[in-house]
Amino acid sequence: MAGQAGGYSFMGFSKKDAYNYVDQSKHAKIVDGESNAAIVYLEGKAVADPMSSNNHKQTTIFGFGLVLDESIGSYKWLLENLLEVMCNKMPSVVITDGCDSMKAAIKSVFPEATHRLCAWHMEKNLTVNVKDSGLRQLFKKWLYADMEIEDFEEEWAAAMEDHGLHDTFWFRETNEKRSMWANAYLRNKFCAGFRTTSRCEGINLNVKKFLKSRHSILEMVQNLELLVREYWNNELLAQFRSINGV
């Protein structure tokens with residue numbers, strides 16, 4: 001701006017004046033409180049924006065929720081609101097990283113859904129807790145192999161005896177959740193090819209590009225909208241290429 005004016009002396013205001021003006025403009029937008037401003041903004045978007053879906057096996061974002069903590073109560077509130085905006089259509093499969101609070105919330109709100117634990121997180125947990133390379137290979141087989149439940153149970157019990165893992169915390173926790181990670185229990189459940197939370201991790205990475213801790217709630221909502229628009233643009237590009245490409 002100084003360059004356009006011909007120098008700082010011709011600006012008519014200081015840098016601090018400019019920052020004060022920007023700050024006042026932000027406050028003018030949230031005169032009734034930033035939470036209320038965000039709600040008013042979202043109500044307007046609900047009318048203007050149609051619902052979106054995706055036919056190109058790309059990630060589709062249905063909504064965002066702002067929670068106070070990672071407690072069962074917070075997660076239940078989040079899932080109950082998601083269920084409401086999805087017209088009470090229950091998901092058939094949910095994949096998470098194994099958080100116990102989320103597990104309890106899913107069981108309460110989506111009781112009929114298949115809750116699958118992320119295979120990548122299970123492998124990472126295995127690497128930390130098991131040093132024997134042979135047992136690691138067996139575990140990866142149980143994660144992905146197409147086998148009967150009886151065969152898995154027999155191999156699982158034998159391996160735990162051979163490696164003396166009955167008294168370890170890792171074994172007790174993993175054994176308790178085996179129906180959520182072993183493919184023997186999940187092979188007849190339709191998961192659309194998903195075994196990991198990698199798409200959620202991808203969203204998290206993108207969110208960090210749009211959000212800063214200094215943002216107000218309204219700015220957060222507006223920037224999340226920009227993120228969703230970026231995903232929509234990816235769909236438009238895929239649609240164009242499918243029509244005009246080979």
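## Notebook: patches, strands, salt bridges and cysteines

**Entry 1, the surface.** I began with the surface and found that Phe62, Leu82 and Val85 form a nonpolar patch there, with about 280 Å² of accessible area together. I note here that the model I am reading is a predicted one. I then looked up Val85 and saw that its place is in helix 4, which covers residues 72-85. Its relative accessible area is 51%, and because the cut-off for exposed is over 50%, I entered Val85 as exposed.

**Entry 2, the two strands.** Next I asked myself in which sense strand 1 and strand 2 pair. Strand 1, residues 93-96, pairs with strand 2 in the parallel sense, and I noted four bridges between them. As one point of contact to look for in the picture, I wrote down that Thr96 stands opposite Leu117 in strand 2. Following the chain from strand 1, I passed through helix 5 (residues 100-109) before I reached strand 2, and this β-α-β crossover is right-handed.

I also wanted to know which residues of strand 2 lie on which side. In a regular strand the side chains alternate between the two faces of the sheet. In strand 2, residues 114-117, I found Thr114 and Arg116 on one side, with His115 and Leu117 on the other. These residues are all buried, and I therefore recorded both faces of the strand as covered.

**Entry 3, the salt bridges.** How many salt bridges does the structure hold? I noted seven of them, and I followed some in detail.

The side chains of Asp100 and Lys177 meet in a salt bridge, at 3.0 Å from N to O. Asp100 lies in helix 5, while Lys177 lies in the loop between helix 9 (169-176) and helix 10 (183-186), so this pair ties together parts that are 77 residues apart in sequence. I looked up how open each partner is: Asp100 is partly exposed, with a relative accessible area of 48%, whereas Lys177, at 10% relative accessibility, counts as buried.

I turned next to Arg187 and Glu148, whose side chains meet in a salt bridge at 2.7 Å from N to O. Arg187 is in the loop between helix 10 and helix 11 (198-210), and Glu148 is in the loop between helix 7 (133-144) and helix 8 (149-163), so the pair ties together parts that are 39 residues apart in sequence. I recorded Arg187 as partly exposed, at 29% relative accessibility, and Glu148 as partly exposed, at 40%. I also saw that Asp146, Glu148 and Arg187 are linked in a network of salt bridges.

Then I checked Arg178, which forms a salt bridge with Glu153, the closest N and O atoms being 3.0 Å apart. This pair links distant parts of the chain, since Arg178 is in the loop between helix 9 and helix 10 and Glu153 is in helix 8, 25 residues apart. I entered Arg178 as partly exposed, at 23% relative accessibility, and Glu153 as partly exposed, also at 23%.

**Entry 4, the cysteines.** My last search was for disulfides, and over the whole structure I found zero. Cys191 is in no disulfide, and the nearest cysteine sulfur, that of Cys118, is 12 Å away, whereas a disulfide would need the two sulfur atoms within 2.5 Å. Is Cys191 buried or exposed? I recorded Cys191 as buried, because its relative accessibility is 9% and buried means under 20%. Cys87, by contrast, counts as exposed, at 67% relative accessibility.

Definitions and conventions:
Residues numbered from 1 in each chain as written. Predicted model: local features only at pLDDT ≥ 70, side-chain atom pairs only at ≥ 80, totals over all residues. Heavy atoms only, no water. Buried < 20%, exposed > 50% of the residue type's maximum accessible area, 1.4 Å probe, protein only. Pairing = 2+ DSSP bridges. Right-handed = clockwise from strand over helix to strand, strands pointing away. Patch = residues over 30% accessible without salt bridge, like charges linked within 9 Å, V, L, I, M, F, W, Y side chains within 5 Å. Areas by Shrake-Rupley, 256 points an atom, 1.4 Å probe, with all protein chains shown as cover. Salt bridge = Lys/Arg side-chain N within 4 Å of Asp/Glu carboxyl O.
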